[in-house]
Amino acid sequence: GMASYLSILRHNQFQMLRMTENLRLLSLLEMGQMPHHREVLDLAELCRDICEGVRTLLPKAEISFREPSAPCLTACDGELVESLLLNLLANSLLHCGEDGAIRISLERPQETLQIVVSDNGSGISKDKMETVFEDYLRPIELAETGRGLGVGLSVAEKIARFEGGSLVLTSEEGHGTKAVFSLPYVSKIEFHSGVTHRTGRMRSLLTAFADVLDSGVYREPYL
């Protein structure tokens, strides 16, 4: 009926939104024109909120977050780091299928903070791993246009470098993928403002996971 038709239209709109937003970020980062807004971000809160959002939108998805034993505050651009994490999760969800399991953990080795996202999905082949962060440069097949154009991982890697960190991907075809995003650890963050708390992340999740979610999700009450 009309409601179903409208949800398909909304779904298509969010798929386009995801593609254009990732291309916008990629363009700004490549040209060195990305403004840097630094704020104090609680990485544990970010991971926790996003996990809860995934469970709401994809009740069958098996996603877990291992809480850190110590506070994980960092100084960064919160929206960019959120975008990085959502792109990593979108990649995992795309390759996991309904039976897949995704694990997120926060670790603090030496002078770094690490967000680790691992899955037991289909993995990435060795030949693709060599150019996985440059995937957006290759010619696009028409059949792929609804799959985010391979831009998400490129954006994530460029955000990691922009934040003074790194993104390392390891994968084995048929056995899953592990992504490690490392940020410099700041032991004493001297900001006048407190920790930034964001609300209303659902729209960001609906955009980031547009290539994974069913059209039925794009009805109320999430919008």
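Q: In which sense do strands β2 and β4 pair?
A: One caveat up front: this is a predicted model, where local features need pLDDT of at least 70 and side-chain atom pairs count only at pLDDT 80 or more, while totals for chains, interfaces and linings use all residues. Residues are numbered from 1 along each chain as its sequence is written, and side-chain values use heavy atoms, with hydrogens and water left out. Strands here are DSSP runs of E, at least two residues, and helices are runs of H or I, at least four residues, numbered from the N terminus; two strands pair if DSSP finds at least two bridges between them. β2 covers residues 62-66, β4 covers residues 101-107, and over five bridges their sense is parallel.

Q: Which residue in β4 is the bridge partner of E62?
A: E62 sits in strand β2, on the uncovered face along with S64 and R66. Its bridge partner in β4 is A101.

Q: Which residues make up the covered face of β2?
A: The strand has two faces, and E62, S64 and R66 take the uncovered one. That leaves the covered face to I63 and F65.

Q: Is N22 buried or exposed?
A: N22 lies in helix α1, residues 2-30. The scale runs on relative accessible area: buried is under 20%, exposed is over 50%, and partly exposed is in between (1.4 Å probe, protein chains only). N22 comes in at 5%, so it counts as buried.

Q: Which residues does N22 touch, not counting residues up to four places away in sequence?
A: Contact means heavy atoms within 4.5 Å. G152 is one of the partners; it is 130 residues away along the chain, yet the two C-alpha atoms are separated by 6.6 Å. The full list is N87, V151, G152 and V155.

Q: How many salt bridges does a search of the whole structure find?
A: Side chains of opposite charge can pair when their charged atoms come close. The cut-off is a side-chain nitrogen of Lys or Arg within 4 Å of a carboxyl oxygen of Asp or Glu. With that rule, the search turns up nine.

Q: With which residue does R24 form a salt bridge?
A: R24 is partly exposed at 42%, and its partner is partly exposed too, at 31%. Both lie in helix α1, three residues apart, about one turn of the helix. The closest N and O atoms are 2.9 Å apart, and the partner is E21.

Q: How far apart along the chain are K158 and E30?
A: These two form a salt bridge, with the closest N and O atoms 3.9 Å apart. The pair links distant parts of the chain, K158 being in helix α5 (residues 151-162) and E30 in helix α1. K158 is buried at 12%, whereas E30 is partly exposed at 45%. Along the chain, they are separated by 128 residues.

Q: Is E157 buried or exposed?
A: E157 forms a salt bridge with R161, the closest N and O atoms being 2.9 Å apart, and both lie in helix α5, four residues apart. R161 has 51% relative accessibility, so it counts as exposed. E157 has 12%, so it counts as buried.

Q: What is the count of disulfides?
A: A disulfide needs a pair of cysteine sulfur atoms within 2.5 Å. For the record, C76 is buried at 0% and C96 is buried at 13%. By the sulfur rule, the disulfide count comes to zero.
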